[in-house]
Amino acid sequence: MERPAMPPVPPPPPRTPAASEHTPAPSGHTSAATPHTPAASPLTAYSLDELRTRHSIKWREFPPDVLPMHIAETDTPPAAPVAEALARAVARGDTGYATTGRLPETFADFAARRFGWRPDPASMRLVPDVMVGIAEVLRVVTEPGDRVLFHSPGYPPYYSWLPRIGRRVVTSPLAAGDHGHRLDLDRLERDFASGVRAFLLCNPHNPTGVAFPEEDLTAVADLATRHGVQVISDEIHAPLVHAGARHVPFPSLDSPAAASSVALHSASKAWNLAGLKAALVVPGPDARAVGAAIHDEVEVGAGLLGVLAAEAAFAHAEPWLDGLLPALDGNRRLLAALLDEHLPAARHHLPQAGYLTWIDCRPLRLPGDPARLFLDHGRVGLTPGPRFAPEGDPDQVGRGFVRFNFATRPDLLTEAVRRMAATVRDLAPRTS
């Protein structure tokens, strides 16, 4: 079928410079009634034409007429301290193999300021990225054939990486309610009792954007202690928690399972540094031996520029992060308002963290996978919900869903929803 021509994206507003790293974050938060992005938002620093010159997956996976709202990258400029650290390294030819440097110390200081938790820098290990770190920790704390559980919908690489290292995937669906997703502790206890060796926690959660409250995490820790389950906590989105929620590092809890847990952290999501390759394995106080058991060769796979960029981000680019968060808050509210206006049947909840929204498109009654239809007919690239579910999706957690990345220009976000609404008008069945 011939694809209908799509109208051009509206011209962007005049370009504004990125927020200065020494400018205080705007006070207050945008209301749902008047969503907007601050004038100096990092999300409006680049025009659409400039974004299309990028070489990352987000801007190269689809043809140029597609608005990419899928992979978890942000359309921001680098924070000035990060850009300066990278420029200095390149100028001196400092592009060899990575060393850990002061990254553990700078992260520990950041975590103390941000989360009220200061992990031991001496126990941390450098890894190329969080997923590699998870795999290496699992090699230490589990055996081939062991059952590893995580919540569904779940981050897609969990489904592919665990079988690659010989571990068996077990999923436990989150409970969905009128106010968003939450832990189903009764189901989790049954799953723990079924012979699970390790639990891979994603907090803040991808794709739902939930920042799990302390009381729920404490309940998880109690269940893990009771059933002898090793907890590994993917906390890559931790710096991106919005007003009204907070991030609770799992190893900071007062529990034997928390003390023996291992967290994974990185600057990659908050400062858009995924391509530079650096993350940290952060053991709890009783899990130092886990970090020590990771082979030294794993550290060599990290990038030196990633280490230097992450050091600069954690040590000097917190003001930039504080300028980004109000812009993301404005966009998450703008997206919610646009969906309510143009796709009122779609179900969604305001994410508490990150820049990803999980949208239930089943009430739209589309004739096929929503992500495929929005791509083919609306030229909007979204992540298909089935990628976040196990094969066969027995709990129906992914089919009919899409994940939408709103860390972009507000005008592009608005145009994407307009295209999605036009697709639904063209394809949804008519009622008499």
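Ala, Val, Leu, Ile, Met, Phe, Trp, Tyr, Cys and Pro count as nonpolar here, Asp, Glu, Lys and Arg as charged, and the others, Gly among them, as polar. Keep that sorting in mind for the pockets below.

What you're looking at is a predicted model, where local features need pLDDT of at least 70 and side-chain atom pairs count only at pLDDT 80 or more, while totals for chains, interfaces and linings use all residues. Residues are numbered from 1 along each chain as its sequence is written, and side-chain values use heavy atoms, with hydrogens and water left out.

## Two pockets

Let's start with the open spaces. On a 1 Å grid over the protein atoms alone, a pocket is an open set of points where a 1.4 Å probe fits, with protein on both sides within 12 Å along at least five of seven lines; a set that the probe cannot get out of is a cavity instead, and lining residues have an atom within 4 Å of a point. Grid points are joined across faces, edges and corners, and a volume is the space filled by probe spheres set on the points.

The largest pocket holds about 1200 Å³ of space. It is lined by 44 residues, and the closest to its centre are Ala-72, Glu-73, Lys-269, Ala-274 and Gly-275. Helix 3 (80–91), helix 5 (130–141) and helix 6 (156–164) are the elements that give two or more residues to this lining. Helices (H or I, at least four residues) and strands (E, at least two) are DSSP runs, numbered from the N terminus.

The second largest pocket has about 590 Å³ of space. Among its 33 lining residues, Ala-176, Gly-177, Gly-180, His-181 and His-349 sit closest to the centre. Here the elements giving two or more residues are strand 5 (175–177), strand 6 (180–182) and strand 11 (356–360). Strand 11 gives the most, with five residues.

Here's how the two linings divide by class:

| Pocket | Nonpolar | Polar | Charged |
|---|---|---|---|
| Largest pocket | 24 residues | eleven residues | nine residues |
| Second largest pocket | 15 residues | eleven residues | seven residues |

## Helix 3, up close

Helix 3 has twelve residues and reaches 16 Å from its first C-alpha to its last, close to the 16 Å expected at 1.5 Å a residue. (The expected span is 1.5 Å times one less than the number of residues.)

Which residues of helix 3 are buried? They are Pro-81, Val-82, Ala-85, Leu-86 and Ala-89. Seen down the helix 3 axis, these buried residues fall within an arc of 130°, so they line one face of the helix. That arc is taken from the directions from the helix axis to the C-beta atoms. The face turned away from the buried side carries the exposed residues Val-90 and Ala-91. Buried means under 20% relative accessible area, exposed over 50%, and partly exposed in between (1.4 Å probe, protein chains only).

## Strand 11 and its sheet

Strands of a sheet pair through backbone hydrogen bonds, either parallel or antiparallel. Two strands count as paired if DSSP finds at least two bridges between them.

Back to strand 11, then. Three strands form an open sheet in the order 11-14-13, with antiparallel pairing. Strand 11 and strand 13 (383–384) are the edge strands, each pairing on one side only. Strand 11 and strand 14 (residues 401–405) pair over five bridges, and Phe-401 in strand 14 is the bridge partner of Asp-360.

Both faces of strand 11 are covered: Leu-356, Trp-358 and Asp-360 are buried on one side, Thr-357 and Ile-359 on the other. Ile-359 has 1% relative accessibility, so it counts as buried. It lies 44 residues from Arg-403 in sequence, yet 6.2 Å away in space, C-alpha to C-alpha.

## Strands 8, 9 and 10

Strand 8 (230–234) comes before a loop that leads to helix 9 (256–259), and His-237 has its place in that loop. At 5% relative accessibility, His-237 counts as buried. His-237 and Asn-203 are 34 residues apart in sequence and 7.4 Å apart in space, C-alpha to C-alpha.

Strand 8 pairs with strand 9 in the parallel sense over three bridges, and Ile-232 has Val-262 of strand 9 as its bridge partner. Four bridges join strand 9 to strand 10 (residues 279–283), and these two run antiparallel. Leu-264 has Val-281 of strand 10 as its bridge partner. In strand 9 (residues 262–265), Val-262 and Leu-264 point one way and Ala-263 and His-265 the other, and all are buried.
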